[in-house]
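Here are a few exercises to work through with the model open in your viewer. Try each task before you read its solution.

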Amino acid sequence: MAKQAKKKKRKQKLLYRPVGILLGMASGAVASTLFSRTWAAIGNGDAPDAMDEEREWKEILLAAAVEGAIFAVVKAAVDRGGAVGVRRLTGTWPG
C-alpha cells in the first residue's frame with residue numbers, strides 16, 4: 001500500500017511540473033510589470049541597475065528591496081494558488 005501511495009505522489013509531482021513552470025513564467029511577467037509600475041510611482045524615471053554609475057547607493061538598494069519584495073509576494077501567491085487549484089481538480093495537494 002505504501003509503495004502505491006509513493007508512486008502516486010511521484011506521478012503527481014511529474015504532472016504538476018509543467019504547470020509549475022508555466023505558472024513561474026507567468027508570475028515573473030506579472031512581478032516585472034508590477035515592479036515597473038511601482039518604481040514609476042515612487043522612483044525617478046527607470047529603475048536603476050546595480051552597475052549604473054550615476055545612481056546613488058540609496059536608490060539602487062531601495063529598488064532592489066522593492067523588486068525582491070514584489071517578486072517574492074507574487075511567487076508565493078502564484079505557487080499557493082496553483083497548488084490550491086490542483087487540489088481542487090485532483091483532490092490531492094501537489095508536492
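**Exercise 1.** How far apart are the mean positions of the positive and negative charges of the protein chain?

Solution. Before starting, note that this is a predicted model: local features need pLDDT of at least 70, side-chain atom pairs count only at pLDDT 80 or more, and totals for chains, interfaces and linings use all residues. Residues are numbered from 1 along each chain as its sequence is written, and side-chain values use heavy atoms, with hydrogens and water left out.

Step 1: pick the charges. Lys and Arg count as positive, Asp and Glu as negative, while His and the chain ends are not counted. Each charge is placed at NZ of Lys, CZ of Arg, CG of Asp or CD of Glu.

Step 2: compare the means. With 16 positive and 9 negative charges, the two mean positions are 33 Å apart.

**Exercise 2.** Describe the overall build of the chain.

Solution. Step 1: look at secondary structure. The protein chain has two helices and zero strands (DSSP runs, numbered from the N terminus: H or I of at least four residues for helices, E of at least two for strands).

Step 2: check the dimensions. The C-alpha trace spans about 65 × 20 × 15 Å along its principal axes. Its radius of gyration is 19 Å, whereas a compact globule of 95 residues would be near 12 Å (taken over C-alpha atoms; the globule rule is 2.2 Å times the number of residues to the power 0.38).

Step 3: see what is covered. Of the 95 residues, 18% count as buried (under 20% relative accessible area; exposed is over 50%, partly exposed in between, with a 1.4 Å probe and protein chains only).

**Exercise 3.** Which residues make up the largest nonpolar core?

Solution. Step 1: know the rule. A nonpolar core is a set of buried Ala, Val, Leu, Ile, Met, Phe, Trp, Tyr and Cys residues joined through side-chain atoms within 4.5 Å.

Step 2: list the members. They are Ala31, Phe35, Trp39, Ala63, Val66, Ile70 and Val74. Helices α1 (2-42) and α2 (57-90) each supply at least two of them, and α2 gives the largest share, four residues.

Step 3: zoom in on one member. Leaving out residues up to four places away in sequence, Ala63 touches Phe35, Trp39 and Pro48 (contact means heavy atoms within 4.5 Å).

**Exercise 4.** Is Ser27 buried or exposed?

Solution. Step 1: find Ser27 in helix α1. Step 2: read its relative accessibility; Ser27 counts as buried because the value is 10%. Step 3: check its neighbours. Ser27 touches Val74 and Val78, again not counting residues up to four places away in sequence.
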